[in-house]
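Work through the exercises below with the sequence and the 3D view open. Try each task before reading its solution.

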Amino acid sequence: MKIFTFRTRQTAGARRGRRRAPDRLGLGGGSPRKEKISVFRVGIVVGTLAVVLAVYMPLGPGNFFVPSEGQIAKADILAPFDFPVLKDEETLRREREAEAAKVPPVVQVREEVTTRMEQEIREFFLDVERIIDTEGEVEDQRRMIADLDVPLSETAQNILLDLASETRLRQEVIAFYQEVLEKGVLNDKGLFLDEGYDRIAVARDDEEYVLGIDNFLDLEELSILATERGRAVFGDQRSQLNTFFEVTTHFAAPNFFYDVHETEVRRQARRDAVSPHTEFYLKGQKIIGAHERVTKNHVRVLRSLEKKWTEERMKQRPWQRVLPHAGRLLAAMTVIVLFALYIHRHRPRVYARDRHMLLLAVIGVIGIGLTALVGGFGLSLYLIPVPLVAMLATLLFDDRVGIALTGAFLLLVSLVEGLPLPLVFTLGVGGAAAVYGVAGLRERKSFWNSLLYLAAAYVISIGAADFLHLVPGLETLQKIGFGLLGAFTSVGLAMISLPVFEAVFRVTTNVTLLELSDLNRPLLKNLALMAPGTYHHSIMVGNLSEAAAERVGANSLLARVGAYYHDIGKTTKPEYFVENQGGGENKHDRLSPKISALILISHVREGVELARKEGLPREIVDVIREHHGDTLMAFFYEKAKAADPESEVPEGEFRYPGPKPRAKENGIVMLADVAEAATRALVEPTPGRIRERILEVTDAKFRENQLDECDLTFRELRAIQESFVPILTSAMHSRIRYPDEVRREEARFAVGDLLRKSPERKV
């Protein structure tokens, strides 16, 4: 703690630059130490830059901004080079499919199938004739026909064994198949009809012709035709008719086959022949004039220009293509350095911890990744998670860190994404509303209050930006809808991810502190049972610390919760502390001063061990460790010196181990602890005596240099002292005493005087 007896220009400037905003979790304060940049810090920066480049490298050499339909062009937009105007994807798809549908299915004639079928029919009848020529028994001949693997009924077998009938049947079957195979038998005639094709292209050898689908047969039609032909030839001769039908249907097979590959090749060629362009713009031709309303056609033309712009850039030389990425790298590096400098200047305690800097980088990287997903899936840019980044940084650190990271993230995304100014304005307002909504949040259900702030911010900012540019109302409502969706998503993700970040990075938030302030937690319940006097003392110190922290702009919640736990080490030996003795025997009267000092010192060490075993945050452990600093236990030290005046008593044996308080909150707890204990010991605690006692014991801590490391100024010390007075006066005030009570107290004091005057009583 430093007190300046005079004020130079340098000190005046230092005071003007001193932070006055509330410092959550003691993250500020203290002059930034000159530290060498560690390899870990360099790794954080390199990793963040690598993520930015990896995310945005595939997007090409740059983004060409296309205004939204309904906006007003601020200046003429001219074609920078010749480019064609592309049809929209749906229109182009419809035109291409319409052209492809004009290509008839291609059917290939399989001459080898025709030849094989004719050969099989002739060989079948030759085998039958050889069987007839055997002139064997009828049963043997039937068995031989059955061995030909042609399923025939017994009647058909008898007909075939008759030479005259077999000869006529053979002639009719061969004639029938010559006619049918010449006409053609299709394998997929029904498929063509279902797809609406009534004509097909027939490819035969080196020639091709198109015929109607009705000129061909399928297997079902072949069977019907065989029945009709049999009736026409054999009339009422049912046995010959059935034999004709059995033989013809057995050998029936298609000889015209659908060529899927060739058909698709031809259709794709027709698709490719459809021009994707509707018109052509020449270099210097006006696309849209200044102050004109952007129409749907303008957007289509500009989208075509954007695509051509990307293609032209990709044709550049390698070093030219690297330039946009180099610019993106430099922009990201500049933003990161500026953010780090801000944190180093205004939040040195955050900057000093690698874990905290890594957490800030992780939050930023998550935001960049989600932004890339929004762009990759073609979602509305109003879903960019600026509120999520703002909320996480504010909840895990404080509002200054939150607003700094929000600004850095928004600036970086705006540069690499090429966001328009109205969108940047809306996202910036949303980020500021998110910081405001969660700053000082003390319970998880208050997240939904921040959602109201976010919703209002999006509605107002989008409405203001769109009304300024005269955008139609429907599009404005769509933007507001996406903004509200983004707000709801950000709040939900923040609620889900906050406990994860708290656990992984061991960060203590207000929500965690509120959970620890529950007086039903095991450590506090045990303190109330084992050391009720200490418990009451801790509650009082908590109230004093909270009031003082609010007065000087420190974290009041951390101060109060730290005070609740600062004396939990006394639960192991509660009877050795005066507040738990209830006016009974003082156990220290029978101990040596050195042993008494060791017992008192042990409550700090045991408190730290209990806190660590319970998993309390580091900030609470620091309060327990530092709330006595390295204060000298003067009573026992003087007692030890008086007991052995001739020997030198080591002062270090009667000092608390320290360290001294290193955060404002820890220093406040130290002052509240000593002030409460001192005023409780007053015999007649009048307001004047209480004030005098508070000033005496707290100034003593200053004179003992116990506050040198916690960045409390002299003005703040006076504010802390003044905040203690009304609370302790109210707690220690004397109530109105009735006459009987006055007489009893006077008698007690009279007895005390007699005892003190007795020569036999040792003082």
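**Exercise 1.** Find the bridge partner of Arg204 in strand 5.

*Solution.* Go to strand 5, residues 207-212. There, Glu207 is the bridge partner of Arg204. Keep in mind that the model is predicted: local features need pLDDT of at least 70, side-chain atom pairs count only at pLDDT 80 or more, and totals for chains, interfaces and linings use all residues. Residues are numbered from 1 along each chain as its sequence is written, and side-chain values use heavy atoms, with hydrogens and water left out.

**Exercise 2.** State how strand 4 and strand 5 pair, then place them in their sheet.

*Solution.* Step one: locate strand 4 at residues 199-204. Strands are DSSP runs of E, at least two residues, and helices are runs of H or I, at least four, each numbered from the N terminus. Step two: read the pairing. Strand 4 and strand 5 run antiparallel over six bridges. Two strands count as paired if DSSP finds at least two bridges between them. Step three: widen the view. The open sheet has four strands in the order 5-4-3-6, with mixed pairing. Its edges are strand 5 and strand 6 (256-258), each paired on one side only. On average, neighbouring strands are turned by 30 degrees against each other, direction ignored. Axes here are lines fitted to C-alpha atoms, for helices over the stretch in contact, and angles run from 0 to 180 degrees between N-to-C directions.

**Exercise 3.** Classify the ring pair Phe83 and Tyr281, and say where each residue lies.

*Solution.* Start with the rule. Rings of Phe, Tyr and Trp (its six-membered ring) pair if their centres lie within 6.5 Å; planes under 30 degrees apart are stacked, over 60 edge-to-face, the rest tilted. This rule yields 13 aromatic pairs. Phe83 and Tyr281 are 5.5 Å apart, centre to centre, with 10 degrees between the planes: stacked. Phe83 is in strand 2 (residues 83-86) and Tyr281 in strand 7 (residues 277-281), 198 residues apart. Both Phe83 and Tyr281 are buried (under 20% relative accessible area; exposed is over 50%, partly exposed in between; 1.4 Å probe, protein chains only).

**Exercise 4.** Why is the pair Phe234 and Phe244 tilted?

*Solution.* The planes stand at 55 degrees, with ring centres 5.8 Å apart, so the pair is tilted. Phe234 belongs to helix 9 (residues 219-234) and Phe244 to helix 10 (residues 238-250), so the pair ties together parts ten residues apart in sequence. Phe234 has 4% relative accessibility and counts as buried. Phe244, at 0%, counts as buried. Ring pairs link Phe234 and Phe244 with Phe176 and Tyr177 into a cluster.
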